[in-house]
Amino acid sequence: MEPNVKRTTGLPLLRRHAKISHGDDHIVIQYLMEEVTLHGPTAHLFGEMLPHLDGKTALDQVASRIGERPERVGGLVEQLRRAGVLGWMSPEPPGPGDQGDQEEGAGLMTGEDFYHLHRRYGSAWLREVYEHPLWDKIVTGRASRAQVLGFAFEKYHYIEGAHEHMAIAAANATPEMMPHLARHFIEEYAHGDIYRKGLRSLFPDDIILASQPLPSTRALINYLSESAARDSFAYYAGNELLQMTENTSGEAESQSIDSFYQAMLHHYPYTGPIIESFIAHTRADQKLGHESVFWQMCQSIPPLTRQKARDAINVVRSMAEHLILFMDGIDVFYARFPAMPRVPCSLLSE
């Protein structure tokens with residue numbers, strides 16, 4: 001990009017989730033789906049500026065501290081701002097989810113704009129989920145029987161958790177959100193039975209009903225419930241991240257899921273009925289149009305304050321972290337404790 005110096009004042013801020021990688025003569029900045037590579041003198045200049053890109057130091061002060069002309073520093077800042085990896089604390093605050101958003105009431109965002117922002121952030125944060133080592137263990141046959149069946153049981157418990165958080169969300173919904181949340185809750189109410197049908201191919205029904213979720217699965221459900229009680233829109237913004245893992249619209253994503261199921265069936269033939277239940281649930285959601293529910297919500301709500309939009313995006317980020325914890329729990333616990341399924345303790349338990 002050609003430098004376009006528009007200002008030499010303001011408080012430049014590196015985006016909170018930007019990742020910096022240092023090479024021999026270059027620096028790579030990764031933020032969401034964007035990647036910027038700086039070489040030679042430009043990389044050196046950015047390295048000097050980096051400790052001061054905290055949203056508290058004025059641009060001219062940054063230039064003074066590193067002994068550079070404000071115009072040169074401002075030129076690089078402007079290029080990085082265009083690339084999306086830097087923002088301004090004043091008077092152009094960064095978008096939702098970054099440090100230093102403007103205070104509530106200082107600006108509004110339409111529901112449609114939030115939807116596209118959600119897709120941008122959510123798709124990036126889900127990459128960490130899709131890179132979890134448990135997926136590779138399953139498709140290569142290195143996962144144990146307990147890890148594979150634990151994955152099925154914890155998915156069942158997560159789906160059953162809809163009885164809790166969706167009911168709370170509907171009870172605390174705004175008038176605009178109520179029709180969407182109530183409809184979705186009604187449609188999801190019996191979906192846990194789809195997973196039970198697959199598990200019944202290997203376990204008696206009373207054992208399935210008595211099984212207990214892992215604490216990490218319980219944490220995911222609890223966070224959904226807490227978010228639902230606090231703000232119904234932020235709750236569903238977070239829940240939509242989970243929906244994105246189930247309801248795919250792209251052909252490449254669908255093929256990836258099909259390949260995962262094929263590999264799982266190849267290495268673990270006994271999971272056939274369970275895989276059928278996974279597919280049946282996805283098809284049921286798609287038939288009900290669940291992939292478009294959040295878009296419909298965003299179209300029906302009043303404009304969001306920046307504070308409310310930021311809160312919702314932060315819930316989405318926390319949901320991604322809870323989803324990684326969910327995967328960690330399955331991977332680690334069932335590798336160490338292969339007894340299936342987990343049942344409540346009794347007076348006769350050791």
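What follows is a chat between a trainee and a mentor about a predicted model of one chain.

Trainee: What does the secondary structure of the chain come to?

Mentor: The predicted model has 16 helices and 7 strands.

Trainee: And how much of the chain is buried?

Mentor: Of the 350 residues, 49% are buried.

Trainee: What share of the contacts is between residues 24 or more positions apart?

Mentor: Counting contacts with a separation of 6 or more, 78% are between residues 24 or more positions apart.

Trainee: Let's start with the strands. How do S2 and S3 pair?

Mentor: Strand S2, residues 19-22, and strand S3, residues 26-31, are antiparallel and share 4 bridges. A hairpin of 3 residues joins S2 to S3. One bridge partner can be named: Ser-21 is matched with Val-28 in S3.

Trainee: Where is Lys-19, and what does it touch?

Mentor: Lys-19 is in strand S2. Leaving aside residues up to four places away in sequence, Lys-19 touches Val-28, Ile-29 and Gln-30.

Trainee: How far is Lys-19 from Glu-35?

Mentor: The C-alpha atoms of Lys-19 and Glu-35 are 9.4 Å apart, with the two positions 16 residues apart in sequence numbering.

Trainee: Now cavities. How many of 30 Å³ or more does a search find?

Mentor: The search of the whole structure finds 1 cavity of 30 Å³ or more. The space in the largest cavity is about 100 Å³.

Trainee: Which elements give two or more residues to its lining?

Mentor: Helix H6 (145-160), helix H7 (162-171), helix H12 (232-246) and helix H14 (272-287) do so.

Trainee: Which residues line the largest cavity?

Mentor: The lining consists of Tyr-158, Ile-159, Ala-162, His-165, Met-166, Glu-188, Asn-239, Gln-243, Glu-246, His-281 and Asp-285. By class, that lining has 4 nonpolar, 4 polar and 3 charged residues.

Trainee: Take Asn-239 from that list. Is Asn-239 buried or exposed?

Mentor: Asn-239 has 1% relative accessibility, so it counts as buried. Asn-239 is in helix H12.

Trainee: What does Asn-239 touch?

Mentor: Not counting residues up to four places away in sequence, Asn-239 touches Tyr-158, His-165, Met-166, His-184, Leu-224 and Met-319. Tyr-158, His-165 and Met-166 are also among the lining residues of the largest cavity. Asn-239 and Met-166 are 73 residues apart in sequence, and their C-alpha atoms are 9.7 Å apart.

Trainee: Back to H7. Which of its residues are buried?

Mentor: In H7 the buried residues are Ala-162, His-165, Met-166, Ala-169 and Ala-170. Viewed along the axis of H7, these residues fall within an arc of 135°, so they line one face of the helix.

Trainee: Why would residues three or four places apart point the same way?

Mentor: An α-helix has 3.6 residues a turn, so residues three or four places apart point the same way.

Trainee: What covers the buried residues of H7?

Mentor: The cover includes H6, helix H8 (178-188), helix H11 (215-230) and H12.

Trainee: And H15, which residues are buried there?

Mentor: In helix H15, residues 293-300, Val-293, Phe-294, Met-297 and Cys-298 are buried. They cover an arc of only 135° around the axis, which puts them on the same side of H15. Among the elements covering them are H4, H8 and H12.

Trainee: Switching to pockets. What volume does the largest pocket have?

Mentor: The volume of the largest pocket is about 680 Å³. The lining has 24 residues, and those closest to the centre of the pocket are Tyr-130, Trp-135, Thr-245, Ile-257 and Phe-260.

Trainee: Which element gives the most to that lining?

Mentor: H13 gives the most, with 5 residues. Each of helix H4 (111-130), helix H5 (133-139), H6, H12, helix H13 (251-267), H14 and helix H16 (306-336) supplies at least two.

Trainee: How does the lining of the largest pocket split by class?

Mentor: The lining of the largest pocket has 16 nonpolar, 4 polar and 4 charged residues.

Trainee: Last one, His-52. Where is it found?

Mentor: His-52 is in the loop between helix H1 (40-49) and helix H2 (59-66).

Trainee: Why does His-52 count as buried?

Mentor: Its relative accessibility is 18%, and buried means under 20%. Beyond residues up to four places away in sequence, His-52 touches Pro-12, Thr-57, Val-62, Arg-65 and Ile-66.

Key
Residues are numbered from 1 along each chain as its sequence is written. This is a predicted model: local features need pLDDT of at least 70, side-chain atom pairs count only at pLDDT 80 or more; totals for chains, interfaces and linings use all residues. Side-chain values use heavy atoms; hydrogens and water are left out. On a 1 Å grid over the protein atoms alone, a cavity is a set of points where a 1.4 Å probe fits but cannot get out, and a pocket is an open set with protein on both sides within 12 Å along at least five of seven lines; lining residues have an atom within 4 Å of a point. Grid points are joined across faces, edges and corners, and a volume is the space filled by probe spheres set on the points. Ala, Val, Leu, Ile, Met, Phe, Trp, Tyr, Cys and Pro count as nonpolar, Asp, Glu, Lys and Arg as charged, and the others, Gly among them, as polar. Two strands pair if DSSP finds at least two bridges between them. Buried means under 20% relative accessible area, exposed over 50%, partly exposed in between (1.4 Å probe, protein chains only). The arc is that of the directions from the helix axis to the C-beta atoms. Contact means heavy atoms within 4.5 Å.
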